[in-house]
Amino acid sequence: MLVKRLLCSYTKALNRSHRIPNGSKNANSDCNVTPFDAISSGRCFSSEANHPPDDAQKPVTVSLYHMKKIIKGSSVMLGESFEGPTCIQTVCPVCHIVPGTEGKGITDAIRKKIFVNKTTGNFTCSSCQYLGRWDHIEKFFPPYNRAPKTVQELRKLRDGFLELKGEHVGAVHPIPRDAVLLDSIEGAREAIRCLHLENIIPETLLTVKAHWQQEKRELFIPLVDVEDRTIGYKILHIGSDGEISERTVPEANASGLIYLRCFPSNTGTKAKDQSQTNAILVLNVLDLLALGSVKLNATAVCLPHGLKTLPQQCLPGLERFQRFTLWFNYDTAGWDTARNYAKKLDERRCMFVRPTDQHPTPYKALLEEATEPKTILSKAQPILHQSITTFRALRQDVLSDLQNIDKVQGVKWKRYPTLNKLLKGHRKGELTVLTGPTGCGKTTFMSDYSLDLAQQGVSTLWGSFEIRNTRLAVTLLRQMVGRPLDENLTEFEQWADTFERLPIYFMTFHGQQPIKIVMEAIEHAQYVHDIQHVIIDNLQFMMGVLDEAKHLDRYWKQDAIIAAFRTFATRRNCHVTLVIHPRKERDSDELTTSSIFGGAKASQEADNVLIIQDKRLTSVRGKKYLQIAKNRYSGDLGIMPLDFDKASLSYAQRKKKPEGGDGETSTSSDSTGRPVGGEPIDRTVRRAF
């Protein structure tokens, strides 16, 4: 019976992979994901039993012990597996074994390997970069039931599995043909001269197999996978501002890295061995080339997407290294990202160059010539501290915070300058509680609040239990555009493409959900997509189905849920915003921190408490405003008037009139900086190094 259900699910998944979404009412309106999609956006997390088992990003529900037991049990047929810091490497049981013929040895000259992620359970195929879930491949590991019927059905499942894998083979991005491989010192010097790459030695361009496009003056650096095949590339060119600009192809979920072995001047056996086991991780090509100009005893590795994300498909290519030195931008954002990346790579093998003015990035250090890169690397320290520490161990952290005080305060809002004055910014690792009376616009304000941050690169995970994701997406899109699109449907594709590039992800939960399942999805999303902001709207939808303590009161349940989110925010260095309804009180009374439903734990654990006060129904001149009732970072409290613009569904504060108006009658502007209703202005920001 189990095999029949598996066969049925695979057959449905196979049919869906060839079906074009028709937008019918029965379709999943919150998320359309292609089955077994190796390059899926991974933006949906669902716990519904009837949700198609085709999302490779679905949280793993099997233990690491179980995965290791299954893989070890198949070692007789597949050979010994290798467990690394982040992945378990073994031979692919689908590519090399046909059910019923497993008694024959594997004779392939080159065995296709898979890397099973020990945290998510997802596996990556080394031959085609196919990304799938553990439960897709678990049933193919021998030994299994030898019943003839089971063997026949497993063969059908295997054929369908291989067909789906075959569709993703070759999903690579080769370097353009008009770019010529640099194979001579003279050609490399010409590229360096055209791009004004001071102090970069030409040999490094030959080592990374760079390509040069003379007419456009663009330098292409290939991204290679674990099998040393080119699957993408980075482009370097001089922008209109005269600075070097860098772009990655593909723009998201690239599984390739750039390697550059840096040999010391006295090359020997020991130096070669250390260059194979020690790696220096950098964020851009210029820093990589700068390290190549310095004789080091390590391998420099350039990550594909910089500070944005570290895809789990890249981890197999980093398994062979025993020690990492993370040398990122010397600002708070780079420091926070380094700590998050270290958790993926295993903190025990990570060292860090502390972000201070005395420790610039490699390329800047090479240009300034004030501090030798070797000297900076010698001061790298592990991030893991003992239970007891001293100020000496924290000294560089304190200096970093003081030198980057503006960035330590967090990401600033562009729509809400008053929040910048009071809260100073949006910081990681904090817990914010938002409350307000029913119908006051908590969800609308929170969507506008989160959209502002997402447009500045803060990756956001929305958990909306009250409204459907489709309706939430409509609100976010309208707030971004600044006007309703139902009257301008011809512009939908343009704005939809812009919105799709924002780092916003949605959970597909709706209605009451157990806290355990929700936390599994959140932790998985934070690991895979490097989520920095989690929004839960609202907390009461997780209080009615707490399996462990149905006999306990609602206050205890709420305290347990808040404790779980508080622990997650601190441990994962991720900001969590909880929307909580207040207790029923008289309309004439203002809400306070004591008005939050439940016990005192919500207000005690929260770093920030925001209250929407709506006095329009109790006073003729009543106003709606946001009250900052708690601010643990700076202690500043105050209010921010909320003037709702119905056209854009936004509470964004409006600019004052040039004549000295009151600030409530001037034209509001959207996230692109243009007046609502005007022509869109291109404000694409390029990262210059």
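**Phe568**

I looked up Phe568 and got a relative accessibility of 1%, so I enter Phe568 as buried. The model I am reading is a predicted one. Phe568 has its place in helix α21. I then listed its contacts, leaving aside neighbours within four places in sequence: Met519, Ile522, Glu523, Gln526, Val534, Asn573, Cys574 and Val576. For one of these, Glu523, I also took the C-alpha distance to Phe568, which is 8.0 Å, with the two positions 45 residues apart in sequence.

**Helices α20 and α21**

Several of those contacts led me to the helix pair. I noted that two packed helices are described by the angle between their axes and the distance between the axes. For α20 (residues 515–529) and α21 (residues 554–571), the angle is about 10 degrees and the axes are 11 Å apart. Angles under 35 degrees count as roughly parallel, and α20 and α21 are therefore entered as roughly parallel to each other. On the α20 side I found Ile515, Met519, Ile522, Glu523 and Gln526. On the α21 side they meet Ile561, Ala564, Phe565, Phe568 and Arg571.

**Helices α18 and α19**

I made the same kind of entry for α18 (residues 469–481) and α19 (residues 492–500), which pack at about 100 degrees with axes 11 Å apart. That angle makes α18 roughly perpendicular to α19. The residues in contact are Leu476, Leu477, Met480 and Val481 from α18, and Phe492, Trp495, Thr498 and Phe499 from α19.

**Salt bridges**

I counted 18 salt bridges in the structure. The background is that side chains of opposite charge can pair when their charged atoms come close. I followed three of the pairs in detail.

The pair of Asp607 and Arg566 is a salt bridge with an N to O distance of 2.7 Å. Arg566 sits in helix α21, while Asp607 sits in the loop between α22 (601–605) and β23, so I logged the pair as a link between distant parts of the chain, 41 residues apart. Asp607 and Arg566 are both buried. I also noted a network in which salt bridges with shared partners join Lys68, Glu83 and Lys118.

For Lys344 and Asp530, the closest N and O atoms of the salt bridge are 3.4 Å apart. Lys344 belongs to helix α11 (residues 332–345), and Asp530 to the loop between α20 and β21 (533–537). This pair too links distant parts of the chain, 186 residues apart. I entered both Lys344 and Asp530 as buried.

For Lys424 and Asp636, the closest N and O atoms of the salt bridge are 3.2 Å apart. I placed Lys424 in the loop between α16 (417–423) and β18 (431–435), and Asp636 in the loop between β24 (624–631) and β25 (638–641). The separation along the chain is 212 residues. Lys424 has 21% relative accessibility, so I entered Lys424 as partly exposed. Asp636 has a relative accessible area of 28% and is partly exposed as well.

**Gln613**

Is Gln613 buried or exposed? I read a relative accessibility of 2% for Gln613, which means that Gln613 counts as buried. Gln613 is in strand β23 (residues 608–614). Beyond its neighbours within four places in sequence, I found Gln613 in contact with Glu590, Leu591, Lys623, Lys624, Tyr625 and Gln627. I also took the C-alpha distance from Gln613 to Leu626, which lies 13 residues away along the chain, and got 6.2 Å.

**Thr435**

I located Thr435 in strand β18. Its relative accessibility is 1%, so Thr435 is entered as buried. Not counting residues up to four places away in sequence, Thr435 touches Lys442, Ile580, His581, Pro582, Ile596, Leu610, Ile611 and Ile612.

**Val398 and the surface patch**

Last, I turned to the surface. Which residues make the nonpolar surface patch of about 310 Å²? I found Phe391, Val398 and Leu402. Val398 has its place in helix α14 (residues 391–403). I read a relative accessible area of 34% for Val398, so the entry for Val398 is partly exposed. A patch residue needs over 30% relative accessible area, and the 34% of Val398 is consistent with that cut-off.

How values were computed
Residues numbered from 1 in each chain as written. Predicted model: local features only at pLDDT ≥ 70, side-chain atom pairs only at ≥ 80, totals over all residues. Heavy atoms only, no water. Patch = residues over 30% accessible without salt bridge, like charges linked within 9 Å, V, L, I, M, F, W, Y side chains within 5 Å. Areas by Shrake-Rupley, 256 points an atom, 1.4 Å probe, with all protein chains shown as cover. Salt bridge = Lys/Arg side-chain N within 4 Å of Asp/Glu carboxyl O. Helix = DSSP H or I, 4+ residues; strand = E, 2+ residues; numbered from the N terminus. Buried < 20%, exposed > 50% of the residue type's maximum accessible area, 1.4 Å probe, protein only. Axes fitted to C-alpha atoms, helices over the stretch in contact; angles between N-to-C directions. Parallel < 35°, antiparallel > 145°, perpendicular 65-115°, else oblique. Contact = heavy atoms within 4.5 Å.
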